[in-house]
Amino acid sequence: MSIKNEKKGSLFIISGPSGAGKTSLLSEIIKRDQATEQKLTLSISYTTRPPRKGEIDGVNYFFVSQEEFQAMQTKQEFLESALVHEYHYGTNKKWVEQQLCQQKKDIVLEIDVQGAMQIIQSDMKCCAIFIFPPSFEILKKRLTDRQTDTSESIKTRLENASQEMKLGKNFDYGITNDDYETSLHKIQQAMQCYRDMQVNTP
Ligand code: 5GP
């Protein structure tokens, strides 16, 4: 089955540096969508990262061993994959194909910039949205305040952020997340624009 030619749902990518706020924005978008239109389904990624406190296997991620991830990679089961801050992350290609082509659902991927670039540079149609932090200082504060990462990990994430932000220009939309409600509104607008384009383009 060709994902390119038979795609029926729309594929959205939300990406940006760690700490830009993509997870909280996206979970609110999904929550609001579920309460209203129920158009959007979030892809659950595979990762070799160990679960954080409160994270559930199959809900937040599919937590797999290095060997399991490697085996999936060898069998080309990922639509995209990346090594992010020392752990592997990947999107299940077959699941995305099924949801888009058979279930005709709109799928959203919350993935890092390397993975997003793999899809943007492929021949797959998607709407890619980049979330920028308002400033480097605010990014640092957010990463520190959320208390999920060690200071070493925060340092790595900040170093990566400046490189990642240079790639923002390759995305369809860039949204600076300085006001939560405004950012939500802009993401919803971008998604609606893309859907309208899909419907109206012969
Ligand atoms: P965290 O470990 O904080 O949950 O995620 C670290 C980074 O990995 C985040 O930027 C997140 O968006 C990204 N990520 C999560 N799932 C995937 C995936 O399937 N592919 C890629 N490339 N990145 C992912």
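Which element gives the largest share of the lining of the largest pocket? Helix H2 does, with six residues. The model is predicted, and this briefing covers its ligand, the residues around that ligand, and the pocket. The ligand takes up the space of the largest pocket, and the protein makes polar approaches to the ligand through side chains that include those of Ser 45, Arg 49 and Asp 112.

**Residues around the ligand**
- The shell around the ligand holds 16 residues, of which Ser 45, Arg 49, Tyr 61, Tyr 89 and Asp 112 come nearest.
- Sorted by class, this shell has seven charged, five nonpolar and four polar residues.
- Strands S5 (78-84) and S6 (87-92) each supply at least two residues of the shell.

**Polar atoms at the ligand**
- Ser 45 has a polar side-chain atom 2.7 Å from an oxygen atom of the ligand.
- In the side chain of Arg 49, an N or O atom is 2.6 Å from an oxygen atom of the ligand.
- For Asp 112, the ligand atom is a nitrogen, 2.7 Å from an N or O atom in the side chain.
- On its own the ligand has 510 Å² of accessible area, and the protein covers 94% of that.

**The largest pocket**
- The volume of the largest pocket is about 950 Å³.
- Its lining consists of 39 residues, and those closest to the centre are Thr 23, Arg 49, Arg 52, Tyr 61 and Glu 110.
- Two or more lining residues come from each of helix H2 (22-35), strand S5, strand S6 and helix H7 (151-165).
- By class, the lining has 14 polar, 13 nonpolar and 12 charged residues.

**Residues named in both places**
- Arg 49 and Tyr 61 are among the residues that come nearest to the ligand, and both are also among those closest to the centre of the largest pocket.

Conventions:
Residues are numbered from 1 along each chain as its sequence is written. This is a predicted model: local features need pLDDT of at least 70, side-chain atom pairs count only at pLDDT 80 or more; totals for chains, interfaces and linings use all residues. Side-chain values use heavy atoms; hydrogens and water are left out. A residue is near a molecule or strand if one of its heavy atoms lies within 4 Å of it. A polar contact is a pair of N or O atoms within 3.5 Å; within protein, one must be able to donate a hydrogen and the other to accept it, and residues adjacent in sequence count only if both atoms are side-chain atoms. Accessible areas come from the Shrake-Rupley method with a 1.4 Å probe; for residues, only the protein chains shown count as cover. On a 1 Å grid over the protein atoms alone, a cavity is a set of points where a 1.4 Å probe fits but cannot get out, and a pocket is an open set with protein on both sides within 12 Å along at least five of seven lines; lining residues have an atom within 4 Å of a point. A molecule sits in a cavity or pocket if more than half of its atoms lie within 2 Å of its grid points. Helices (H or I, at least four residues) and strands (E, at least two) are DSSP runs, numbered from the N terminus. Ala, Val, Leu, Ile, Met, Phe, Trp, Tyr, Cys and Pro count as nonpolar, Asp, Glu, Lys and Arg as charged, and the others, Gly among them, as polar. Grid points are joined across faces, edges and corners, and a volume is the space filled by probe spheres set on the points.
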